[in-house]
Amino acid sequence: MAKYMLIMRGNDESTAKMMETPFDEILELMGRYNDELIRAGVLVAAEGLDDASKGVVVDRTGEAPIVTDGPYGETKELFGGFYILDVASQDEAVAWAKRLPAFPGTKVEIRRVPSIDEFPQDNEWIVKERAWRERTGQL
């Protein structure tokens with residue numbers, strides 16, 4: 001099994017459509033999908049994000065970090081939420097992404113989440129992180 005992140009990316013069109021949809025309807029759609037993931041035993045985590053206008057960006061392109069409040073001028077694709085699934089393959093992650101309820105204009109990016117076992121196990125920082133993961137029940 002491997003972990004994959006499904007990253008939901010919306011645009012102005014999909015966000016507008018979502019805002020027009022009654023919240024109870026959205027909860028029903030997402031709840032049914034989440035229930036399928038849970039029953040299949042593949043859901044690790046899932047979270048939606050607050051409106052981008054309530055966020056900030058820390059820009060590290062210059063010498064000193066610059067913090068900018070939302071909303072942002074460029075909203076072609078905004079990261080709206082994510083799922084982390086523990087599945088057998090990228091193909092299985094793609095199959096789940098195809099079933100994700102989404103509004104027109106939404107894209108779902110799929111990225112594998114490397115395991116801590118893939119990093120050098122003799123590195124002091126990996127040793128510390130592994131110990132933290134063990135203490136917190138993540139391993």
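In this predicted model, the axes of helix H2 (residues 23-40) and helix H3 (residues 90-99) come within 10 Å. The two axes cross at roughly 155°. Angles over 145 degrees count as roughly antiparallel, so H2 is roughly antiparallel to H3. The crossing of H2 past H3 is right-handed. On the H2 side, the contact is made by Tyr33, Glu36, Leu37 and Ala40. On the H3 side, Trp96, Ala97 and Arg99 take part. Sorted by class, this contact of H2 with H3 has 5 nonpolar residues and 2 charged residues. Polar residues are absent from the contact of H2 with H3.

The two helices belong to a chain with 4 helices and 6 strands. Along the sequence, these elements follow the pattern β-α-α-β-β-β-β-α-β-α. The pattern thus opens with a strand and ends with a helix. The C-alpha trace of the chain spans about 50 × 50 × 25 Å along its principal axes.

Pockets were examined next. The largest pocket has a volume of about 1,200 Å³. Its lining comprises 41 residues. Nearest the centre of the largest pocket lie Met18, Gly48, Leu49, Gly80 and Gly81. Several elements each give two or more residues to this lining. The helices that do so are H1 (12-20) and H2. The strands that do so are S1 (2-10), S2 (43-48), S3 (56-59) and S5 (78-87). H2 therefore appears both in the helix contact with H3 and in the lining of the largest pocket. By class, the lining of the largest pocket has 23 nonpolar, 13 polar and 5 charged residues.

The second largest pocket has a volume of about 330 Å³. It is lined by 19 residues. Lys3, Val113, Pro114, Ser115 and Ile116 lie nearest the centre of this second largest pocket. Two or more lining residues come from each of S1, S5, strand S6 (107-113) and helix H4 (124-135). H4 gives the largest share of the lining of the second largest pocket, with 3 residues. By class, the lining of the second largest pocket has 10 nonpolar, 2 polar and 7 charged residues. Strands S1 and S5 are named for the largest pocket and again for the second largest pocket.

Methods:
Residues numbered from 1 in each chain as written. Predicted model: local features only at pLDDT ≥ 70, side-chain atom pairs only at ≥ 80, totals over all residues. Heavy atoms only, no water. Axes fitted to C-alpha atoms, helices over the stretch in contact; angles between N-to-C directions. Parallel < 35°, antiparallel > 145°, perpendicular 65-115°, else oblique. Left-handed = near helix turned anticlockwise from the far one by under 90°. Contact = heavy atoms within 4.5 Å. Nonpolar A, V, L, I, M, F, W, Y, C, P; charged D, E, K, R; others polar. 1 Å grid on protein atoms, 1.4 Å probe; cavity = no way out; pocket = protein on both sides within 12 Å on 5 of 7 lines; lining within 4 Å. Points joined across faces, edges and corners; volume = space filled by probe spheres on them.
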